Amino acid sequence: MNIILFGPPGAGKGTQADILQKQHSLCKLSTGDMLRAAVTSGSPLGAQVKDIMAKGQLVPDSIMIDLIRGRIQQPDCHPGFILDGFPRTVAQAEALDAMLTSEKKKLDYVIELQVDDAELVRRIAGRFSCAKCGAGYHDQSKQPRQPGVCDACGSREFTRREDDKAETVSKRLEAYHRQTAPLLPYYRTQGILKSVDGMADIDAVTRQIDQVLRVRTKVAENS
Ligand code: AP5
Ligand code: MG
(Lines give C-alpha, C1' and ligand atoms only; values in the text may rest on other atoms or scores of the structure.)
(Ligands and ions follow the chains in the order given, each with its own letter.)
Protein backbone atom coordinates (compact mmCIF):
# COMPACT_ATOMS: atom_id res chain seq x y z
CA MET A 1 0.00 0.00 0.00
CA ASN A 2 1.44 3.37 -1.07
CA ILE A 3 -0.02 6.52 0.47
CA ILE A 4 0.63 10.24 0.41
CA LEU A 5 -0.41 12.29 3.45
CA PHE A 6 -1.16 15.71 2.06
CA GLY A 7 -1.90 19.01 3.74
CA PRO A 8 -0.61 22.40 4.86
CA PRO A 9 2.03 23.00 7.57
CA GLY A 10 0.67 21.85 10.93
CA ALA A 11 -2.20 19.78 9.45
CA GLY A 12 -1.07 16.65 11.28
CA LYS A 13 0.76 14.81 8.49
CA GLY A 14 3.69 13.81 10.71
CA THR A 15 1.40 12.84 13.60
CA GLN A 16 -0.71 10.56 11.41
CA ALA A 17 2.31 9.19 9.49
CA ASP A 18 3.80 7.95 12.78
CA ILE A 19 0.54 6.22 13.72
CA LEU A 20 0.05 4.64 10.28
CA GLN A 21 3.64 3.45 10.17
CA LYS A 22 3.16 1.52 13.41
CA GLN A 23 -0.28 0.15 12.44
CA HIS A 24 0.59 -0.99 8.93
CA SER A 25 4.39 -1.60 9.06
CA LEU A 26 5.00 0.71 6.14
CA CYS A 27 8.12 2.72 5.43
CA LYS A 28 7.65 6.38 6.34
CA LEU A 29 9.35 9.05 4.28
CA SER A 30 8.98 12.46 5.96
CA THR A 31 10.93 14.86 3.79
CA GLY A 32 11.01 17.65 6.40
CA ASP A 33 12.50 15.23 8.98
CA MET A 34 15.04 13.97 6.41
CA LEU A 35 16.13 17.53 5.60
CA ARG A 36 16.31 18.53 9.29
CA ALA A 37 18.48 15.46 9.97
CA ALA A 38 20.79 16.57 7.14
CA VAL A 39 21.02 20.09 8.62
CA THR A 40 21.79 18.72 12.10
CA SER A 41 24.46 16.37 10.76
CA GLY A 42 26.14 19.24 8.87
CA SER A 43 26.18 17.24 5.60
CA PRO A 44 26.58 18.99 2.20
CA LEU A 45 22.82 18.53 1.64
CA GLY A 46 22.16 20.16 5.03
CA ALA A 47 24.36 23.13 4.14
CA GLN A 48 22.45 23.55 0.85
CA VAL A 49 18.97 23.57 2.42
CA LYS A 50 19.47 25.19 5.86
CA ASP A 51 18.80 28.81 4.85
CA ILE A 52 15.97 27.92 2.47
CA MET A 53 14.12 26.05 5.23
CA ALA A 54 14.74 28.80 7.79
CA LYS A 55 13.05 31.25 5.39
CA GLY A 56 10.01 28.96 5.01
CA GLN A 57 10.62 28.42 1.30
CA LEU A 58 10.56 25.17 -0.66
CA VAL A 59 13.82 23.34 -1.37
CA PRO A 60 14.48 23.02 -5.16
CA ASP A 61 12.66 20.17 -6.91
CA SER A 62 15.86 18.52 -8.22
CA ILE A 63 17.19 18.05 -4.65
CA MET A 64 13.89 16.67 -3.37
CA ILE A 65 13.38 14.29 -6.28
CA ASP A 66 16.89 12.81 -5.87
CA LEU A 67 16.30 12.46 -2.11
CA ILE A 68 13.06 10.51 -2.56
CA ARG A 69 14.27 8.44 -5.50
CA GLY A 70 17.19 7.20 -3.39
CA ARG A 71 14.91 6.17 -0.51
CA ILE A 72 11.86 4.75 -2.26
CA GLN A 73 13.96 2.07 -3.98
CA GLN A 74 15.39 0.75 -0.68
CA PRO A 75 14.18 -2.71 0.43
CA ASP A 76 12.33 -1.37 3.51
CA CYS A 77 9.98 0.54 1.17
CA HIS A 78 9.09 -2.52 -0.95
CA PRO A 79 6.02 -3.49 1.20
CA GLY A 80 4.71 0.06 0.77
CA PHE A 81 5.34 3.63 1.89
CA ILE A 82 3.78 6.68 3.49
CA LEU A 83 4.96 9.96 2.02
CA ASP A 84 4.71 12.94 4.41
CA GLY A 85 5.66 16.28 2.82
CA PHE A 86 6.33 15.00 -0.70
CA PRO A 87 5.34 15.84 -3.40
CA ARG A 88 4.87 19.58 -2.91
CA THR A 89 4.97 20.83 -6.50
CA VAL A 90 3.59 19.58 -9.80
CA ALA A 91 7.17 18.79 -10.96
CA GLN A 92 7.67 16.59 -7.85
CA ALA A 93 4.35 14.81 -8.43
CA GLU A 94 5.21 14.09 -12.06
CA ALA A 95 8.66 12.80 -11.08
CA LEU A 96 7.06 10.53 -8.45
CA ASP A 97 4.63 9.13 -11.03
CA ALA A 98 7.55 8.38 -13.36
CA MET A 99 9.53 6.66 -10.54
CA LEU A 100 6.57 4.48 -9.61
CA THR A 101 5.74 3.58 -13.22
CA SER A 102 9.33 2.46 -13.82
CA GLU A 103 9.09 0.18 -10.76
CA LYS A 104 5.60 -1.08 -11.73
CA LYS A 105 4.11 0.43 -8.59
CA LYS A 106 1.23 2.82 -8.09
CA LEU A 107 -0.20 5.23 -5.56
CA ASP A 108 -3.25 3.91 -3.71
CA TYR A 109 -4.40 7.09 -1.98
CA VAL A 110 -3.57 10.72 -1.48
CA ILE A 111 -5.15 11.58 1.86
CA GLU A 112 -5.73 15.30 2.32
CA LEU A 113 -5.98 16.61 5.90
CA GLN A 114 -8.23 19.67 5.72
CA VAL A 115 -7.51 22.26 8.44
CA ASP A 116 -8.17 25.99 8.38
CA ASP A 117 -5.32 28.49 8.62
CA ALA A 118 -6.15 29.81 12.12
CA GLU A 119 -5.99 26.28 13.57
CA LEU A 120 -2.72 25.60 11.71
CA VAL A 121 -1.12 28.62 13.33
CA ARG A 122 -2.40 27.50 16.78
CA ARG A 123 -1.02 23.99 16.27
CA ILE A 124 2.40 25.11 15.07
CA ALA A 125 2.77 27.69 17.85
CA GLY A 126 2.23 24.96 20.49
CA ARG A 127 4.30 22.20 18.89
CA PHE A 128 7.43 20.76 20.52
CA SER A 129 9.28 17.48 20.27
CA CYS A 130 11.65 15.25 22.17
CA ALA A 131 15.24 16.33 21.53
CA LYS A 132 16.42 12.73 21.73
CA CYS A 133 13.91 10.58 19.78
CA GLY A 134 11.85 13.22 17.94
CA ALA A 135 8.45 12.18 19.37
CA GLY A 136 5.99 15.02 18.74
CA TYR A 137 3.90 16.89 21.33
CA HIS A 138 1.70 19.96 21.70
CA ASP A 139 1.27 22.44 24.56
CA GLN A 140 -2.53 21.98 24.55
CA SER A 141 -3.52 18.88 22.58
CA LYS A 142 -0.73 16.37 23.26
CA GLN A 143 1.29 16.76 26.43
CA PRO A 144 3.60 13.92 27.57
CA ARG A 145 1.73 11.59 29.99
CA GLN A 146 4.23 12.48 32.75
CA PRO A 147 4.94 16.24 32.52
CA GLY A 148 8.47 16.96 31.24
CA VAL A 149 9.25 13.32 30.37
CA CYS A 150 9.07 11.90 26.83
CA ASP A 151 6.52 9.06 26.58
CA ALA A 152 8.62 7.24 24.00
CA CYS A 153 12.17 7.37 25.38
CA GLY A 154 12.05 8.96 28.85
CA SER A 155 14.24 11.92 27.88
CA ARG A 156 13.69 15.23 29.68
CA GLU A 157 14.94 17.43 26.85
CA PHE A 158 12.55 18.99 24.38
CA THR A 159 13.01 21.27 21.40
CA ARG A 160 11.00 23.60 19.12
CA ARG A 161 11.51 23.85 15.37
CA GLU A 162 13.51 26.77 13.94
CA ASP A 163 10.88 27.35 11.20
CA ASP A 164 7.95 27.46 13.68
CA LYS A 165 8.49 31.18 14.40
CA ALA A 166 5.34 33.19 13.55
CA GLU A 167 6.93 35.14 10.65
CA THR A 168 8.25 31.94 9.02
CA VAL A 169 4.96 30.10 9.48
CA SER A 170 3.16 32.70 7.35
CA LYS A 171 5.77 32.16 4.58
CA ARG A 172 5.25 28.36 4.79
CA LEU A 173 1.49 28.76 4.55
CA GLU A 174 1.92 31.06 1.55
CA ALA A 175 4.18 28.47 -0.14
CA TYR A 176 1.57 25.77 0.53
CA HIS A 177 -1.31 27.74 -1.00
CA ARG A 178 0.73 28.92 -4.01
CA GLN A 179 2.86 25.88 -4.87
CA THR A 180 1.40 22.79 -3.20
CA ALA A 181 -2.42 23.15 -3.09
CA PRO A 182 -2.51 23.19 -6.95
CA LEU A 183 -1.63 19.47 -6.72
CA LEU A 184 -5.11 18.67 -5.38
CA PRO A 185 -6.81 18.75 -8.82
CA TYR A 186 -3.90 16.68 -10.20
CA TYR A 187 -4.73 13.83 -7.81
CA ARG A 188 -8.50 14.39 -7.94
CA THR A 189 -8.37 13.78 -11.70
CA GLN A 190 -6.54 10.49 -11.04
CA GLY A 191 -9.42 9.45 -8.73
CA ILE A 192 -7.16 8.75 -5.73
CA LEU A 193 -7.72 11.91 -3.64
CA LYS A 194 -9.55 11.34 -0.34
CA SER A 195 -10.16 14.33 1.94
CA VAL A 196 -10.63 13.97 5.68
CA ASP A 197 -11.61 16.48 8.37
CA GLY A 198 -8.24 17.34 9.89
CA MET A 199 -9.90 19.73 12.38
CA ALA A 200 -11.07 16.72 14.42
CA ASP A 201 -8.94 15.44 17.31
CA ILE A 202 -5.96 13.17 16.57
CA ASP A 203 -7.77 9.85 17.23
CA ALA A 204 -10.80 10.91 15.18
CA VAL A 205 -8.55 11.80 12.24
CA THR A 206 -6.87 8.38 12.51
CA ARG A 207 -10.30 6.72 12.42
CA GLN A 208 -11.25 8.61 9.27
CA ILE A 209 -8.00 7.50 7.58
CA ASP A 210 -8.64 3.90 8.71
CA GLN A 211 -12.04 4.11 7.07
CA VAL A 212 -10.44 5.11 3.76
CA LEU A 213 -7.85 2.30 3.96
CA ARG A 214 -10.44 -0.33 4.97
CA VAL A 215 -12.47 0.35 1.81
CA ARG A 216 -9.33 -0.28 -0.24
CA THR A 217 -8.63 -3.58 1.57
CA LYS A 218 -12.23 -4.76 0.95
CA VAL A 219 -12.03 -3.88 -2.77
CA ALA A 220 -8.71 -5.79 -3.03
CA GLU A 221 -10.21 -8.84 -1.24
CA ASN A 222 -13.23 -8.93 -3.55
CA SER A 223 -11.29 -8.61 -6.80
P1 AP5 B 1 7.85 19.74 6.85
O2 AP5 B 1 8.67 19.27 7.98
O3 AP5 B 1 7.21 18.75 5.96
O4 AP5 B 1 6.81 20.77 7.41
P5 AP5 B 1 5.32 21.13 6.98
O6 AP5 B 1 4.75 20.58 5.74
O7 AP5 B 1 5.34 22.61 7.07
O8 AP5 B 1 4.45 20.41 8.00
P9 AP5 B 1 4.68 20.30 9.54
O10 AP5 B 1 5.69 19.25 9.84
O11 AP5 B 1 4.90 21.67 10.12
O12 AP5 B 1 3.23 19.86 9.99
P13 AP5 B 1 2.55 18.42 10.03
O14 AP5 B 1 1.45 18.41 9.00
O15 AP5 B 1 3.55 17.32 9.97
O16 AP5 B 1 1.85 18.52 11.45
P17 AP5 B 1 2.20 17.78 12.83
O18 AP5 B 1 1.80 16.34 12.74
O19 AP5 B 1 3.58 18.10 13.27
O20 AP5 B 1 8.77 20.67 5.92
C21 AP5 B 1 9.61 21.65 6.50
C22 AP5 B 1 10.37 22.39 5.40
O23 AP5 B 1 11.20 21.44 4.67
C24 AP5 B 1 9.54 23.07 4.30
O25 AP5 B 1 9.11 24.35 4.70
C26 AP5 B 1 10.56 23.11 3.15
O27 AP5 B 1 11.49 24.12 3.32
C28 AP5 B 1 11.27 21.77 3.28
N29 AP5 B 1 10.63 20.68 2.52
C30 AP5 B 1 10.11 19.53 3.04
N31 AP5 B 1 9.61 18.76 2.04
C32 AP5 B 1 9.82 19.44 0.90
C33 AP5 B 1 9.50 19.18 -0.47
N34 AP5 B 1 8.88 18.04 -0.84
N35 AP5 B 1 9.83 20.11 -1.40
C36 AP5 B 1 10.46 21.24 -1.06
N37 AP5 B 1 10.79 21.55 0.22
C38 AP5 B 1 10.47 20.67 1.17
O39 AP5 B 1 1.14 18.50 13.79
C40 AP5 B 1 1.34 19.86 14.19
C41 AP5 B 1 1.02 20.03 15.68
O42 AP5 B 1 -0.39 19.84 15.87
C43 AP5 B 1 1.70 18.99 16.60
O44 AP5 B 1 2.03 19.62 17.80
C45 AP5 B 1 0.62 17.92 16.82
O46 AP5 B 1 0.74 17.31 18.11
C47 AP5 B 1 -0.66 18.75 16.75
N48 AP5 B 1 -1.75 18.01 16.12
C49 AP5 B 1 -1.66 17.12 15.08
N50 AP5 B 1 -2.88 16.67 14.73
C51 AP5 B 1 -3.76 17.29 15.57
C52 AP5 B 1 -5.18 17.23 15.70
N53 AP5 B 1 -5.94 16.45 14.92
N54 AP5 B 1 -5.77 18.02 16.66
C55 AP5 B 1 -5.01 18.82 17.47
N56 AP5 B 1 -3.65 18.90 17.39
C57 AP5 B 1 -3.02 18.15 16.46
MG1 MG C 1 5.62 17.23 9.84
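Student: Is Cys 153 buried, exposed or partly exposed?
Tutor: Partly exposed: in this predicted model, Cys 153 has a relative accessible area of 30%.

Student: And why is there no bond from the sulfur of Cys 153 to the closest cysteine sulfur?
Tutor: Because of distance: the closest cysteine sulfur belongs to Cys 130, and at 3.6 Å that is too far for a bond.

Student: How about Cys 150, what's the closest cysteine sulfur there?
Tutor: That one is in Cys 133, 3.7 Å away, again too far for a bond. Cys 150 counts as buried, with 3% relative accessibility.

Student: So how many disulfides does the model have?
Tutor: The count is 1 disulfide. Cys 27 and Cys 77 form a disulfide, with 2.1 Å between their sulfur atoms. The cut-off for a disulfide is a sulfur pair within 2.5 Å.

Student: Remind me, what is a disulfide, chemically?
Tutor: A covalent bond that joins the sulfur atoms of two cysteines.

Student: Where in the chain do Cys 27 and Cys 77 sit?
Tutor: They are 50 residues apart, so to speak, in distant parts of the chain. Cys 27 is in strand E2 (residues 27-30), while Cys 77 is in the loop between helix H4 (61-72) and strand E3 (81-84).

Student: Is the link of Cys 27 and Cys 77 right-handed or left-handed?
Tutor: Right-handed, with 45° about the S-S bond.

Student: Are those two buried or exposed?
Tutor: Cys 27 counts as buried at 5% relative accessibility, and Cys 77 counts as buried at 0%.

Student: New topic: the ligand. Which residues are the closest to ligand 1?
Tutor: Thr 15, Gln 57, Arg 88, Arg 127 and Arg 172 are the closest, out of 34 residues that surround ligand 1.

Student: What kinds of residues are in that shell around ligand 1?
Tutor: A mix: 13 are nonpolar, 12 polar and 9 charged.

Student: Which helix or strand gives the most to the shell?
Tutor: H2 does, with 4 residues. Helix H1 (13-24), helix H2 (31-41), strand E6 (136-138) and helix H9 (202-222) each bring at least two residues to the shell.

Student: Which atoms of Thr 31, Arg 36 and Val 59 are involved with ligand 1?
Tutor: For Thr 31, an N or O atom in the side chain is 2.8 Å from a nitrogen atom of ligand 1. Arg 36 has a polar side-chain atom 2.9 Å from an oxygen atom of ligand 1. With Val 59 the backbone takes part: one of its N or O atoms lies 3.0 Å from a nitrogen atom of ligand 1.

Student: How much of ligand 1 does the protein bury?
Tutor: The protein buries 95% of the 1000 Å² that ligand 1 exposes when taken alone.

Student: OK, strands now. Why is strand E4 called largely enclosed?
Tutor: Strand E4 (residues 109-114) has 5 of its 6 residues buried, so the rest of the structure largely encloses it.

Student: Which strands is E4 joined to?
Tutor: Strand E1 (residues 2-6) runs parallel to E4 and is joined to it by 4 bridges. In that pairing, Ile 4 stands opposite Val 110. E4 is also joined to strand E8 (residues 193-197) by 5 bridges, again running parallel. There, Gln 114 has Asp 197 as its bridge partner.

Student: What order do the strands of the open sheet with E5 come in?
Tutor: The order is E6-E5-E7, 3 strands with antiparallel pairing. E6 and strand E7 (158-159) are at the edges with a single partner strand each, so one side of each has no neighbour in the sheet.

Student: How many bridges pair E5 with E7?
Tutor: Strand E5 (residues 127-130) and E7 pair over 2 bridges, in the antiparallel sense. Cys 130, which came up earlier, has Phe 158 in E7 as its bridge partner.

Student: Last bit, the backbone. Is the peptide bond from Phe 86 to Pro 87 cis or trans?
Tutor: Cis, with omega near 0°. Pro 87 is in the loop between E3 and helix H5 (90-102).

Student: And what's phi like at Ser 25 and Lys 104?
Tutor: Ser 25 has a positive phi of about 50° though it is not a glycine. Lys 104 also has a positive phi, near 55°, and is a residue other than glycine.

Student: Where are they, and are they buried or exposed?
Tutor: Ser 25 is in the loop between H1 and E2 and counts as exposed at 58% relative accessibility. Lys 104 is in the loop between H5 and E4, and at 78% it counts as exposed.

Definitions and conventions. Residues are numbered from 1 along each chain as its sequence is written. Chains are lettered from A and ligands numbered from 1 in the order in which they are written. This is a predicted model: local features need pLDDT of at least 70, side-chain atom pairs count only at pLDDT 80 or more; totals for chains, interfaces and linings use all residues. Side-chain values use heavy atoms; hydrogens and water are left out. Buried means under 20% relative accessible area, exposed over 50%, partly exposed in between (1.4 Å probe, protein chains only). A residue is near a molecule or strand if one of its heavy atoms lies within 4 Å of it. A polar contact is a pair of N or O atoms within 3.5 Å; within protein, one must be able to donate a hydrogen and the other to accept it, and residues adjacent in sequence count only if both atoms are side-chain atoms. Accessible areas come from the Shrake-Rupley method with a 1.4 Å probe; for residues, only the protein chains shown count as cover. Ala, Val, Leu, Ile, Met, Phe, Trp, Tyr, Cys and Pro count as nonpolar, Asp, Glu, Lys and Arg as charged, and the others, Gly among them, as polar. Two strands pair if DSSP finds at least two bridges between them.
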